[in-house]
Amino acid sequence: MRAEEARCKALLDAHHYLGAVAKIGQTIWYVATWQQQWLALLVVGAAAWKCAARDRWIGWDRRYQYDRLHLIGNNTRFLILPGSTCPQPRLARARAA
């Protein structure tokens with residue numbers, strides 16, 4: 001597990017314009033794979049305490065905001081790794097009856 005986290009951080013440092021992210025608070029690291037090849041990285045962290053635009057869009061008032069904040073994640077980093085390749089999925093065509 002630690003080796004995978006170190007690999008994620010190294011890839012983010014090498015290829016993301018903001019570099020790796022420090023683990024502050026709750027953090028989830030996702031790795032998209034295809035046939036054991038790492039394709040992309042996504043890091044989601046705890047939501048900010050206050051974000052007026054977000055709170056207006058959701059429609060929260062102050063009495064619900066802090067009770068429900070744990071339901072939101074903040075996209076901290078997203079990286080499609082250079083050289084990642086996988087076949088595109090084939091979509092089934094609907095036949096006209």
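**Exercise 1. Asp55 and its partner**

In this predicted model, the side chains of Asp55 and Gln65 make a polar contact at 3.0 Å. Work out where Asp55 sits, and whether Asp55 is buried or exposed.

*Solution.*
- Start with the element: Asp55 belongs to helix H2, residues 52-58.
- Next, check the surface. The relative accessible area of Asp55 is 10%, and the cut-off for buried is under 20%, so Asp55 counts as buried.
- Now look around it. Skipping residues up to four places away in sequence, Asp55 touches Trp60 and Gln65.
- Put together, Gln65 turns up as a residue that Asp55 touches and as its side-chain polar partner at 3.0 Å.

**Exercise 2. Hunting for ring pairs**

Search the whole structure for aromatic pairs: how many are there, and how are the planes of Trp49 and Tyr66 set relative to one another?

*Solution.*
- The search turns up 1 aromatic pair.
- For Trp49 and Tyr66, the ring centres are 5.4 Å apart and the planes meet at 45°. Planes under 30 degrees apart would be stacked and over 60 edge-to-face, so this pair is tilted.
- Place the two rings: Trp49 is in the loop between E2 and H2, while Tyr66 is in helix H3, so the pair ties together parts 17 residues apart in sequence.
- Finally, check the surface. Trp49 is exposed at 57% relative accessibility, whereas Tyr66, at 39%, is partly exposed.

**Exercise 3. Charges over rings**

Find out which rings Arg7 and Arg68 lie over.

*Solution.*
- Arg7 lies over the face of Trp38, 3.8 Å from the ring centre.
- Arg68 puts its charged end over the ring of Tyr64, at 4.5 Å from the centre.
- One of these rings leads straight into the next exercise: Trp38 is a member of the largest nonpolar core.

**Exercise 4. The core**

List the residues of the largest nonpolar core, then say which elements each supply at least two of them.

*Solution.*
- The core has 9 residues: Cys8, Leu11, Leu12, Val21, Trp38, Leu41, Val43, Leu79 and Leu81.
- Helix H1 (2-15) and E2 each supply at least two residues of this core.
- Zoom in on Leu81. Leaving out neighbours within four places in sequence, its contacts are Leu11, Trp38, Leu39, Ala40 and Leu41.
- Compare that with the core list: Leu11, Trp38 and Leu41 are among the core members.

**Exercise 5. Two odd backbone angles**

Give the phi values of Gln35 and Gln36, and locate both residues.

*Solution.*
- Gln35 has a positive phi near 50°, though it isn't a glycine.
- Gln36 is a non-glycine with positive phi too, at about 65°.
- For location, Gln35 is in the loop between strand E1 (27-34) and E2, and Gln36 lies in the loop between E1 and E2.
- For the surface, the cut-off for exposed is over 50%. Gln35 has 59% relative accessibility, so it counts as exposed; Gln36 is exposed as well, at 75%.

**Exercise 6. Zooming out**

Describe the overall layout, and say where confidence is lowest and where it is highest.

*Solution.*
- Count the elements: 3 helices and 3 strands, in the order α-β-β-α-α-β along the sequence.
- Of the 97 residues, 23% count as buried.
- Take the contacts with a separation of 6 or more: 53% of them join residues 24 or more positions apart.
- The mean pLDDT is 85, with 90% of residues at 70 or more. Confidence is lowest in helix H3 (residues 62-68), mean 82, and highest in strand E2 (residues 37-46), at 92.

Conventions:
Residues numbered from 1 in each chain as written. Predicted model: local features only at pLDDT ≥ 70, side-chain atom pairs only at ≥ 80, totals over all residues. Heavy atoms only, no water. pLDDT = per-residue confidence, 0-100. Helix = DSSP H or I, 4+ residues; strand = E, 2+ residues; numbered from the N terminus. Core = buried A, V, L, I, M, F, W, Y, C linked by side-chain atoms within 4.5 Å. Buried < 20%, exposed > 50% of the residue type's maximum accessible area, 1.4 Å probe, protein only. Contact = heavy atoms within 4.5 Å. Polar contact = N/O pair within 3.5 Å; in protein donor to acceptor, adjacent residues only side chain to side chain. Phe/Tyr/Trp six-rings, centres within 6.5 Å; stacked < 30°, edge-to-face > 60°. Lys NZ or Arg CZ within 6 Å of the ring centre and 35° of its normal.
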